[in-house]
Amino acid sequence: MKQDALDDSVRQRLDAVIHGEPKARVPELVKKVLIDSLQCGSLAVPAQFTRPIDGTYARRLLHRDEGGQYTIVVMTWGPDQRTALHDHAGIWCVECVVDGNMEVAQYDLVSERDDAFRFEQRSRVIAGRGSAGCLIPPFEYHTLANAAATASVTLHVYGGEMDHCHVFEPATDGTYRRVRKELSYCD
């Protein structure tokens, strides 16, 4: 990862928010920085981060805070690529659509019993360029899907390094089973 992959002004604004604001305010303030930066043109994702790959969305590290407080990941989604229902392993996240359209569905965990999880869909939106949202545990269950006929690009700011998550696989009885998924970056 090159440190210059992220515009200095965006990094400085994110550093000021993440290192200087009360933790409860950080996700909403990060969201504001991303939307403002995208609108004024200072949030540009380098071309090498926007190439889709076959079979799954591409997950690429754009920036890692030296103090470990946050990471920025670019995800590129080919047509029809999507995630399973998943969580963020207890890490807050702000997700922003940089290009294209994404379907975002949020879920509420309504029960957990004997490793069987029940969810209800809370909302479903098609988010276009400049749209951003916060995932703050315990409200972190969602799916993402490319809603465009071409590639879509999203940028994710995590409150740390998200090296794993839990995906929820549907069971025949209408519940879901939680499975740990290790996460990595592609080139």
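A: Let's start with a cut-off: a salt bridge here is a side-chain nitrogen of Lys or Arg within 4 Å of a carboxyl oxygen of Asp or Glu. Keep in mind that this is a predicted model.

Q: What makes Asp 36 and Arg 13 a salt bridge?
A: Their closest N and O atoms are 3.4 Å apart, and the limit is 4 Å, so the pair counts. Asp 36 sits in helix 2 and Arg 13 in helix 1, 23 residues apart, so this one links distant parts of the chain.

Q: How do you know whether Asp 36 is buried, exposed or partly exposed?
A: Buried means under 20% relative accessible area and exposed means over 50%. Asp 36 comes out at 24%, so it counts as partly exposed. Its partner Arg 13, at 33%, is also partly exposed.

Q: What makes Glu 21 and Arg 25 a salt bridge?
A: The closest N and O atoms of this pair are 3.0 Å apart, which fits the limit of 4 Å. Glu 21 has a relative accessible area of 31%, so call it partly exposed. Arg 25, at 44%, is partly exposed as well.

Q: What does the salt bridge between Glu 103 and Arg 124 tie together?
A: Glu 103 lies in strand 4 (residues 101-113) and Arg 124 in strand 5 (residues 116-128), so the bridge joins parts that are 21 residues apart in sequence. The closest N and O atoms are 2.9 Å apart.

Q: Why is Glu 103 called buried or exposed?
A: Its relative accessible area is 18%. Buried means under 20%, so Glu 103 is buried.

Q: How many salt bridges does a search of the whole structure find?
A: There are 9. Salt bridges also link Asp 8, Arg 11 and Asp 15 in a network.

Q: Why does Glu 95 have no salt bridge?
A: The nearest side chain of opposite charge, Arg 59, is 9.3 Å away. A salt bridge has to be within 4 Å, so that distance rules it out. Glu 95 is buried all the same, and it lies in strand 3 (residues 93-99).

Q: What joins the side chains of Glu 95 and His 142?
A: A polar contact of 3.3 Å. The cut-off for that is 3.5 Å, so the pair qualifies. Leaving aside neighbours within four places in sequence, Glu 95 also has contacts that include His 88, Ser 131, Leu 144 and His 156.

Q: Why does Cys 40 have no bond to Cys 96?
A: The sulfur of Cys 96 is the closest cysteine sulfur to that of Cys 40, but it is 12 Å away, too far for a bond. A disulfide needs the two sulfurs within 2.5 Å. Cys 186 is in no disulfide either, with the nearest cysteine sulfur, in Cys 165, 15 Å away. The structure holds 0 disulfides.

Q: Which of the labels buried, exposed and partly exposed fits Cys 40?
A: Exposed, because its relative accessible area is 57% and the threshold is over 50%. Cys 186, at 25%, is partly exposed.

Q: How do you know that the length of helix 1 agrees with its number of residues?
A: Helix 1 (residues 8-20) has 13 residues, and at 1.5 Å a residue they should span 18 Å. The end C-alpha atoms are 17 Å apart, which agrees.

Q: What covers the buried residues of helix 1?
A: The cover includes helix 2 (26-40), strand 2 (71-77) and strand 8 (152-158). The buried residues are Val 10, Leu 14, Asp 15, Val 17 and Ile 18.

Notes. Residues are numbered from 1 along each chain as its sequence is written. This is a predicted model: local features need pLDDT of at least 70, side-chain atom pairs count only at pLDDT 80 or more; totals for chains, interfaces and linings use all residues. Side-chain values use heavy atoms; hydrogens and water are left out. Buried means under 20% relative accessible area, exposed over 50%, partly exposed in between (1.4 Å probe, protein chains only). Helices (H or I, at least four residues) and strands (E, at least two) are DSSP runs, numbered from the N terminus. The expected span of a helix is 1.5 Å times one less than its number of residues. Contact means heavy atoms within 4.5 Å. Lys and Arg count as positive and Asp and Glu as negative; His and the chain ends are not counted. A polar contact is a pair of N or O atoms within 3.5 Å; within protein, one must be able to donate a hydrogen and the other to accept it, and residues adjacent in sequence count only if both atoms are side-chain atoms.
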